[in-house]
Amino acid sequence: MDLRSNLEHVQRRIAAAVERAGRKPSDVTLVAVTKVFPAEVILESYELGLRDFGENYLQEFEGKYEQVRNLAGARFHLIGHLQSNKARRAAELFGAIQTVDSEKLARRLDEVGKPLDVMLEVKLSPEEAKHGVDPAALPALIETVKRCANLRLHGLMTMPPWSDDAEQSRPYFQRLRELAAQHGLRHLSMGMSHDLEVAIEEGATHVRVGTALFGKRKRLIETA
């Protein structure tokens, strides 16, 4: 893996998409998805200038935390599903939770007493395996989060159905953008290695990129 070359390639892709969309490069945050990869990969990425890292599994990140906790300016985002009974530990480990999908989870996170940036995961895909709040229940969840003194609501997140054709993601990204606009939310976490350009064209402020940076994962075992 030549991480430096991969990062430069991803940055060029982002820059080109931003230019096509008439946006500024500073509008888009690259979140490097380091799930399944060891802490050494985070450290190498940090040395190359990356500061935002996405992890899917709470228990897996616990094993890396001691090695990366003191990286100045590094920001760790939980981008995988979070059960409410694990909210306390998640709040201790992460600075941002992108997958808040219920009022119960929001209240549990708030009770920890630590300031957290949160996004609300919206389920726009019909796939059973996908998590997220139903769009119809989004207003109530937004109001609950806004009443939580320790939660800072930044925006919305979604995961469209997988397809090799990036254009298949566009309707889901458009819908998320519309929902964010309806509720006055600025940030949109959407788009991954294969469809980040489409996501940026549709307003993404955070793109979650793993494979294009680190290569295909050799194993994927959910540990939390």
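Is Glu55 buried or exposed, and what is the relative accessible area of Glu55? In this predicted model, Glu55 is buried, with a relative accessible area of 0%.

**View 1. Glu55 and Lys64 form a salt bridge.** The closest N and O atoms of Glu55 and Lys64 are 2.8 Å apart. Lys64 has a relative accessible area of 5%, and because buried means under 20%, Lys64 counts as buried, as does Glu55 at 0%.

**View 2. Glu60 and Lys64 form a salt bridge within helix H3.** Lys64, which also pairs with Glu55, comes to 2.9 Å from Glu60 between the closest N and O atoms. Both residues belong to helix H3, which covers residues 58–68, and they are four residues apart, about one turn of the helix. Glu60 and Lys64 are both buried.

**View 3. Glu178 and Arg175 form a salt bridge within helix H7.** The closest N and O atoms of this pair are 3.8 Å apart, and the two residues, three apart in helix H7 (residues 170–182), are separated by about one turn of the helix. Glu178 is partly exposed at 38% relative accessibility, and Arg175 is partly exposed with a relative accessible area of 32%.

**View 4. A network of salt bridges links Arg20, Glu167, Arg170, Arg177, Glu201 and Glu202.** The count of salt bridges in the model comes to 18.

**View 5. Residues 219–224 have a pLDDT under 50.** The model has 13 contacts beyond four places in sequence for this segment, whereas the chain averages a pLDDT of 95, with 96% of the residues scoring at least 70. Where pLDDT is low, predicted coordinates should not be read in detail.

How values were computed:
Residues are numbered from 1 along each chain as its sequence is written. This is a predicted model: local features need pLDDT of at least 70, side-chain atom pairs count only at pLDDT 80 or more; totals for chains, interfaces and linings use all residues. Side-chain values use heavy atoms; hydrogens and water are left out. pLDDT is the predictor's confidence in each residue, from 0 to 100. Contact means heavy atoms within 4.5 Å. A salt bridge is a side-chain nitrogen of Lys or Arg within 4 Å of a carboxyl oxygen of Asp or Glu. Buried means under 20% relative accessible area, exposed over 50%, partly exposed in between (1.4 Å probe, protein chains only).
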